[in-house]
Amino acid sequence: MGGDIRVESEPGKGANFIFEIPVEWGGALEEGKGPVRLKKGLRALVVDDDEDVREYFSSVLHGFGLHTETAPAASKALAMVEDHLAAGTPYDVVFVDWNMPGMNGGETAREIRRIMGGNILIVMISVSDWNEIRHEAEQFGVTHFLQKPVLPSTLYNALVQSTQGIVEPLPPAETSLPAGIWAGKPVLLAEDIELNREVVAGLLERRGITLGNAAAGLEAVNPFSTHPGKHERILMDLPTP
């Protein structure tokens with residue numbers, strides 16, 4: 001690259017590794033275009049054998065304004081894809097779990113691609129590392145990948161980027177919570193669905209919040225009774241077993 005690399009070292013004090021390369025200045029940065037939102041009228045299908053995952057994706061996607069349907073298996077999903085295509089209301093995006101019994105996610109994606117052609121966005125969702133399955137998934141016609149657990153913000157950003165979201169300036173909020181208002185505060189989460197606990201943990205722990213977990217109501221009551229001052233806030237699902 002036409003550059004130079006060198007080492008400066010002194011016993012007992014350490015070493016510096018230095019490299020220099022010639023680069024050109026880039027052009028001016030584009031001005032921010034403001035917040036973006038999804039296109040209206042998008043249709044989504046979620047294919048996963050885990051009911052909790054289907055309910056989670058359905059709830060989040062409905063909140064984004066997408067008309068969302070779910071299927072527990074490939075056979076049901078393929079029938080729904082064909083029916084909607086025949087009715088003139090095809091899906092815009094299909095989320096498929098990689099590991100499913102019977103026809104797996106890759107084979108399901110291939111059949112959906114065969115039915116729909118290129119006019120469909122297929123997003124693989126999995127706990128697997130993308131680098132491990134990428135080559136095989138792309139051979140099946142998968143266009144995007146999201147690793148579980150999928151945070152709502154990650155899901156929204158992926159949809160905006162992949163579906164060419166439109167730009168719309170939004171009015172500034174009149175009030176907002178100070179950043180890190182819960183930082184350092186011990187919080188107890190009572191939630192029986194593991195995926196939901198992982199999502200909440202991902203949202204809160206990166207903001208410096210100490211999170212304790214309970215999978216049932218009794219598990220939350222016992223530590224609170226023993227150490228009532230340990231947790232300043234409790235987030236509780238209703239109903240909790």
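User: How far apart are the end C-alpha atoms of helix α2 (residues 74-86), and why does that distance agree with the expected span?

Analyst: The model is predicted; local features need pLDDT of at least 70, side-chain atom pairs count only at pLDDT 80 or more, and totals for chains, interfaces and linings use all residues. Residues are numbered from 1 along each chain as its sequence is written, and side-chain values use heavy atoms, leaving out hydrogens and water. Helices (H or I, at least four residues) and strands (E, at least two) are DSSP runs, numbered from the N terminus. The expected span is 1.5 Å times one less than the number of residues, so the 13 residues of α2 should span 18 Å, and the end C-alpha atoms are indeed apart by 18 Å.

User: Within what arc do the buried residues of α2 fall?

Analyst: Buried means under 20% relative accessible area, exposed over 50%, and partly exposed in between (1.4 Å probe, protein chains only). In α2, Ala74, Ala77, Leu78, Met80, Val81 and His84 are buried. Judged by the directions from the helix axis to the C-beta atoms, these buried residues line one face of α2, because they fall within an arc of 160°.

User: Which exposed residues does the face of α2 turned away from its buried side carry?

Analyst: The buried residues of α2 pack against β4 (43-47), β5 (67-71) and α3 (105-116), contact being heavy atoms within 4.5 Å. The face turned away from that buried side carries the exposed Ser75, Asp83 and Ala86.

User: Which residue of β5 is the bridge partner of Val47?

Analyst: Strands pair if DSSP finds at least two bridges between them; β4 and β5 run parallel, joined by five bridges. In β5, the partner of Val47 is Ala71.
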